[in-house]
2 protein chains.
Amino acid sequence: MIYYKDKKYVCHLDLAMELIRGKWKAIILCRLNNGPKRFLELQRMTCGVSQKVLNEKLKELEGDGLIFKTTYPEVPPKVEFELTEMGKEIFPSLNLLKKWALKYEKQLEIQSK
Amino acid sequence: MIYYKDKKYVCHLDLAMELIRGKWKAIILCRLNNGPKRFLELQRMTCGVSQKVLNEKLKELEGDGLIFKTTYPEVPPKVEFELTEMGKEIFPSLNLLKKWALKYEKQLEIQSK
DNA sequence: GATTAATCTTACCTTTGGGTAAGTTAACTT
DNA sequence: AAGTTAACTTACCCAAAGGTAAGATTAATC
């Protein structure tokens, strides 16, 4: 049993899953893997996220130390989101997951449209 | 954009995450990695799951082809849950995730109790 | 005939996640 | 002065996730 931010988890995998929990976090991390991105750029890359949720998720990822943001003092504002070292290092596992899904694409009867 | 069971996903990672979404699925898969387990055995191994939720999750995992169950015609019933080939092959990515969390244990200020 | 056993179900409730739609900010453009 | 822009924020809503507690099953055992 381990604790993180006053919540308990049954093991490290449990916690790791918590950090990327939800519809969008893993996708966001994946999108950030090839360089920093601006807010709207990120939103366009992940068609379907609402601004509200994207903001929430980015804040959570930042709060957990997976990404950081740079705010440029311009108007209209320019903000860039970037992976931290820890954020970069989670990519291999996400990539393996992706490859796994690709491998079993036929068996799962995934339809590409 | 891909489709699986009439729902759409932005990419294969999105779908893979869906298959292990929720508080318990990844943990269950991990527990099953060293051999088949009975229902109550699984529940005791993952302290905290309610019977209801464990049942739901096992059904979902079965429905997605990650595990299968064998029911022995006894009373009281004996049921064993086991990883399919696809289920076994997701383990490396989960294990990598776990190692990642272990690596950043100090930085995340995880408390072991 | 009541108890125990393991698996699964049902009813009910609360929390969380994510969606839409609209508003805010502040400087630059027209 | 009104419109445009990027990045948030806020109010509101609905669906999904997960929890507790209780019940169903059914043969063997006490």
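Which elements each supply at least two residues of the surface near DNA strand D? In this predicted model, they are α3 (39-45), α4 and β5 (78-83) of chain A, together with α4 of chain B. The largest share comes from α4(A), which gives four residues. In total, 21 residues surround DNA strand D. The closest are A:Q51, A:K59, B:K23, B:K52 and B:K57. Of the strand D atoms that come within 4 Å of the protein, sugar and phosphate account for 61%. By residue class, the surface near this strand divides into nine nonpolar, five polar and seven charged.

Individual polar contacts to DNA strand D involve base, sugar and phosphate positions. A base nitrogen of the strand lies 2.3 Å from a polar side-chain atom of A:Q51. A polar backbone atom of A:P77 is 3.1 Å from a sugar or linking oxygen of strand D. At A:V79, a backbone N or O atom lies 3.4 Å from a phosphate oxygen of strand D.

DNA strand C is also surrounded by 21 residues. Here the closest are A:K23, A:K52, A:K57, B:Q51 and B:K59. Sugar and phosphate make up 61% of the atoms of strand C that come within 4 Å of the protein. The side chain of B:Q51 places an N or O atom 2.3 Å from a base nitrogen of DNA strand C. B:R38 has a polar side-chain atom 3.1 Å from a sugar or linking oxygen of this strand. B:F39 contributes through its backbone: a polar atom there is 3.4 Å from a phosphate oxygen of strand C. Two or more residues of the surface near strand C come from each of α4 (51-63) of chain A and α3 (39-45), α4 (51-63) and β5 (78-83) of chain B. With four residues, α4(B) has the largest share. The residues of this surface are nine nonpolar, five polar and seven charged.

The two protein chains were then compared. Chain B superposes on chain A by a rotation of 180°, with 0.0 Å of shift along the axis and an RMSD of 0.0 Å. This is therefore the relation of a two-fold axis. Within chain B, the C-alpha nearest the axis belongs to B:S93, at 2.5 Å. The copies meet through the same surface, because 100% of the interface residues of chain B are also interface residues in chain A.

Strand pairing also crosses between the chains. An open sheet of three strands has the order β6(A)-β1(B)-β2(B), with antiparallel pairing. Its edge strands, each paired on one side only, are β6 (111-112) of chain A and β2 (7-9) of chain B. Strand β1 (residues 2-4) of chain B is joined to β2(B) by three bridges, and the two run antiparallel. B:Y3 has B:K8 as its bridge partner in β2(B).

Further pairing in chain B involves β5(B). Strand β4 (residues 67-72) of chain B pairs with β5(B) over six bridges in the antiparallel sense. The bridge partner of B:I67 in β5(B) is B:L83. A hairpin of five residues joins β4(B) to β5(B). Strand β3 (residues 37-38) of chain B is connected to β5(B) by two bridges, again antiparallel. In this pairing, B:R38 is partnered with B:E80 of β5(B). The side chain of B:R38 also supplies the polar atom 3.1 Å from a sugar or linking oxygen of DNA strand C.

Some backbone geometry stands out. Most residues other than glycine have a negative phi, and most peptide bonds are trans. In chain A, the peptide bond from A:V75 to A:P76 is cis, with omega near -5°. A:P76 sits in the loop between β4 (67-72) and β5 of chain A. In chain B, a cis peptide bond joins B:V75 and B:P76, with omega about -5°. The loop holding B:P76 lies between β4 and β5 of chain B. A:K5 is not a glycine, yet its phi is positive, at about 50°. A:K5 lies in the loop between β1 (2-4) and β2 (7-9) of chain A.

An annotation is available for chain A. In the unreviewed UniProt entry, "domain: HTH hxlR-type" covers residues 11-109 of this chain. In the model, this span is 58% helix and 14% strand. Its end C-alpha atoms lie 32 Å apart.

Conventions: Residues are numbered from 1 along each chain as its sequence is written. Chains are lettered from A and ligands numbered from 1 in the order in which they are written. This is a predicted model: local features need pLDDT of at least 70, side-chain atom pairs count only at pLDDT 80 or more; totals for chains, interfaces and linings use all residues. Side-chain values use heavy atoms; hydrogens and water are left out. A residue is near a molecule or strand if one of its heavy atoms lies within 4 Å of it. A polar contact is a pair of N or O atoms within 3.5 Å; within protein, one must be able to donate a hydrogen and the other to accept it, and residues adjacent in sequence count only if both atoms are side-chain atoms. Ala, Val, Leu, Ile, Met, Phe, Trp, Tyr, Cys and Pro count as nonpolar, Asp, Glu, Lys and Arg as charged, and the others, Gly among them, as polar. Copies are superposed by least squares on the C-alpha atoms of residues with pLDDT of at least 70 in both. Contact means heavy atoms within 4.5 Å. UniProt positions are given in the numbering used here, feature names are shortened, and annotations may be inferred rather than shown by experiment. Two strands pair if DSSP finds at least two bridges between them.
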